[in-house]
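Dear colleague,

Please find below the structure that I am passing on to you. It is a predicted model, and my notes on its helices follow.

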Amino acid sequence: MSLRTFPSPAVADGVLMRPLHVDDLDAAHALSVEVQWPHRSMDWHIASTLGQGFVAERDGQVIGTGMRWKWGERHATLGMIIVTQRYQGQRIGTRIMQTLLEGLEDRDVSLHATTEGLGLYERSGFVSTGDVRQHQGIASPAPLMSFLPGERLRPAGRNDPPRLAALDLQAMGMPRERALRMLLDQGEIVVLDRDMEAVGFAVMRRFGRGLVIGPVIAPDLHGAKALIAHFTRLAAGKFLRVDVRANGELIEWVEGLGLRRVAMAIPMTKGAVAASGAIRSFALLSQSLG
């Protein structure tokens, strides 16, 4: 969870940057509540288990957070970057970004920005690559979909994780098997088979105010809809969220299920994160983990 044995010295404003510890998670969760993020304490715990966190501290109080996750030898993602309202506008966000990027110079780094954080990330060298729409609400069941010849949906089995990780790598361009294994253990997984071969998958798990679908990995729009439709039928009448990559037809279809758009996130990269294009990511695992 931490990189440094000793915290960095405080500067003239008295703000100390140091690694995030388990004892900081309640304070970190309180910051996310302050900015009206839906994360539960458990969501913070999962994120910190998978990555490395840092806090900005003043007079013994946590006033800012940031986390990073390394994927393989070449990639990283950043997230959970928050500064409490009282200390915004004092360049604390800049110091958090500098701390997060330290040691990542040889990696391609990506994040999802809010409109409020866009300027900070642009000044840090990130460029936008599209947009993601956050949809949520009380889910309505999707209509039954017709399947292509040789196509079926099935629950994931014990032997599927390596294949699912390979599909995710094709779609994302970075190896996230460690995150997938943890989240797959906590959620429900459905696999899209074509001619007896897994070509896509989706996960539904608890997050925030209810349930979230993601990631959704598929070879095409039809496959993505089939995976999402399966879970909307299971979650009908419950609070459901899905963070959809910009795609006009899929966004309209998701809205037709009662999941209205409530926010937008901006994918940004520092370096190049290359995916093969044969398999695509239609919905995020999370805005922090991609």
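Helix H1 (residues 25-34) and helix H2 (residues 41-50) have axes that come within 9 Å and cross at roughly 120 degrees. The crossing of H1 past H2 is right-handed. On the H1 side, the contact is made by Leu25, Ala28, His29 and Ser32; H2 contributes Ser41, Trp44, His45 and Ser48. Sorted by class, this contact has 3 nonpolar and 5 polar residues, and no charged ones. As general background, an α-helix has 3.6 residues a turn, so residues three or four places apart point the same way.

H2 also packs against helix H6 (residues 177-186), at an angle of about 150 degrees and with the axes 10 Å apart. Because angles over 145 degrees count as roughly antiparallel, H2 is described as roughly antiparallel to H6. This crossing of H2 and H6 is right-handed. Here Ile46, Thr49 and Leu50 of H2 meet Arg178, Ala179, Met182, Leu183 and Gln186 of H6. The residues of this contact comprise 5 nonpolar, 2 polar and 1 charged.

Finally, I turn to helix H7 (residues 221-234). At 1.5 Å a residue, its 14 residues should span 20 Å, and the end C-alpha atoms are 20 Å apart, which agrees. H7 is mostly covered, with 10 of its 14 residues buried. Among the buried residues of H7 are Leu221, Leu227, Ile228 and Phe231, as well as Lys225 and Thr232.

Yours sincerely

Technical notes
Residues numbered from 1 in each chain as written. Predicted model: local features only at pLDDT ≥ 70, side-chain atom pairs only at ≥ 80, totals over all residues. Heavy atoms only, no water. Axes fitted to C-alpha atoms, helices over the stretch in contact; angles between N-to-C directions. Helix = DSSP H or I, 4+ residues; strand = E, 2+ residues; numbered from the N terminus. Left-handed = near helix turned anticlockwise from the far one by under 90°. Contact = heavy atoms within 4.5 Å. Nonpolar A, V, L, I, M, F, W, Y, C, P; charged D, E, K, R; others polar. Expected span 1.5 Å × (residues − 1). Buried < 20%, exposed > 50% of the residue type's maximum accessible area, 1.4 Å probe, protein only. Parallel < 35°, antiparallel > 145°, perpendicular 65-115°, else oblique.
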